[in-house]
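Thank you all for making the time this morning. I would like to walk through one protein structure with you, beginning with a helix and working outwards from there.

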Amino acid sequence: RALQGWKKLSPTTTRAPTPWIFAALIASQMVLEGDLVGALALITMFLCYLRPGEAMRLKEADLVRPTPQCSFWAINRRESSKLLLSDESLMLDSTDLLNL
């Protein structure tokens with residue numbers, strides 16, 4: 001009964017993500033204020049669904065340059081699995097990046 005009451009008080013719903021335009025506006029303001037690194041971090045977190053801690057742990061070695069087979073940059077996340085059983089690569093292929 002207590003669990004049923006809790007479910008009524010706190011229904012399981014997900015939040016809609018922040019729209020891209022808001023993230024781009026915030027990043028633009030950061031650039032205007034001289035925080036280019038912060039703006040790039042914000043855009044990277046938004047496009048790759050990274051948590052702030054994950055973005056801060058990224059190293060230059062995690063970036064994969066475009067190749068003749070793949071014309072996009074990628075991020076190789078070595079610690080993506082909770083059990084560390086697999087790696088994950090994220091393609092930075094968003095058409096929104098072209099507008100930056």
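**Helix α3 and its surroundings**

Let me start with α3, which has 13 residues and spans 18 Å from its first C-alpha to its last, close to the 18 Å expected at 1.5 Å a residue. Before going further, I should say that this is a predicted model, and everything I report is to be taken in that light.

Which residues of α3 are buried? They are Gly38, Ala39, Ala41, Ile43, Met45 and Cys48, and the elements that cover the buried residues of α3 include α2, α4, which runs over 52–56, and also β2 and β3. So that you can place these elements, the protein has 4 helices and 3 strands in its secondary structure, and along the sequence they follow the pattern α-α-α-α-β-β-β.

Some of those buried residues come up again in the nonpolar core. The largest such core has 7 residues, namely Ala41, Met45, Cys48, Leu50, Ala55, Ile75 and Leu90, and α3 gives the most to it, with 3 residues. If we look at Met45 in particular, and leave aside residues up to four places away in sequence, Met45 touches Leu50, Arg51, Pro52 and Ala55. For the protein as a whole, 19% of the 100 residues count as buried, while the accessible surface comes to about 8500 Å², with 60% of that belonging to carbon and sulfur atoms.

Let me move to the end of α3, where the helix is followed by Tyr49. This residue lies in the loop between α3 and α4, and Tyr49 has a positive phi of about 55° although it is not a glycine. Is Tyr49 buried or exposed? Its relative accessible area is 72%, and the cut-off for exposed is over 50%, so Tyr49 counts as exposed. Exposed as it is, Tyr49 still touches Thr44 and Glu54, again not counting residues up to four places away in sequence. As a reference distance across the fold, Tyr49 and Leu90 are 41 residues apart in sequence and 9.7 Å apart in space, taken from C-alpha to C-alpha.

There is also an aromatic contact that involves α3. The structure holds 1 aromatic pair, formed by Trp20 and Phe46, and the pair is tilted, with 5.5 Å centre to centre and 45° between the planes. This pair links distant parts of the chain, since Trp20 belongs to helix α2 (residues 20–32) and Phe46 to helix α3 (residues 36–48), 26 residues apart. As for accessibility, Trp20 counts as partly exposed at 21%, and Phe46, with a relative accessible area of 26%, is partly exposed as well. Looking at the chain more generally, among contacts between residues at least 6 apart in sequence, 19% join residues at least 24 apart.

I will turn now to the strands. The 3 strands form an open sheet in the order β1-β2-β3, with antiparallel pairing, and the edge strands are β1 and β3, each of which pairs on one side only.

How many bridges join β1 to β2? There are 2, and β1, which covers residues 63–64, runs antiparallel to β2; within this pairing, Leu63 stands opposite Ile75 in β2. On the other side, 5 bridges join β2 to β3, which covers residues 88–92, and these two strands also run antiparallel. One partnership there is between Asn76 and Ser89, the latter being in β3.

Strand β2 itself, residues 73–77, is mostly covered, in that 4 of its 5 residues are buried. As a general reminder, side chains in a regular strand alternate between the two faces of the sheet. That brings me back to the starting point, because I would ask you to keep in view that β2 and β3 are among the elements that cover the buried residues of α3, and that Ile75 and Leu90 are among the residues of the largest nonpolar core.

Technical notes:
Residues numbered from 1 in each chain as written. Predicted model: local features only at pLDDT ≥ 70, side-chain atom pairs only at ≥ 80, totals over all residues. Heavy atoms only, no water. Buried < 20%, exposed > 50% of the residue type's maximum accessible area, 1.4 Å probe, protein only. Pairing = 2+ DSSP bridges. Phe/Tyr/Trp six-rings, centres within 6.5 Å; stacked < 30°, edge-to-face > 60°. Expected span 1.5 Å × (residues − 1). Contact = heavy atoms within 4.5 Å. Areas by Shrake-Rupley, 256 points an atom, 1.4 Å probe, with all protein chains shown as cover. Core = buried A, V, L, I, M, F, W, Y, C linked by side-chain atoms within 4.5 Å.
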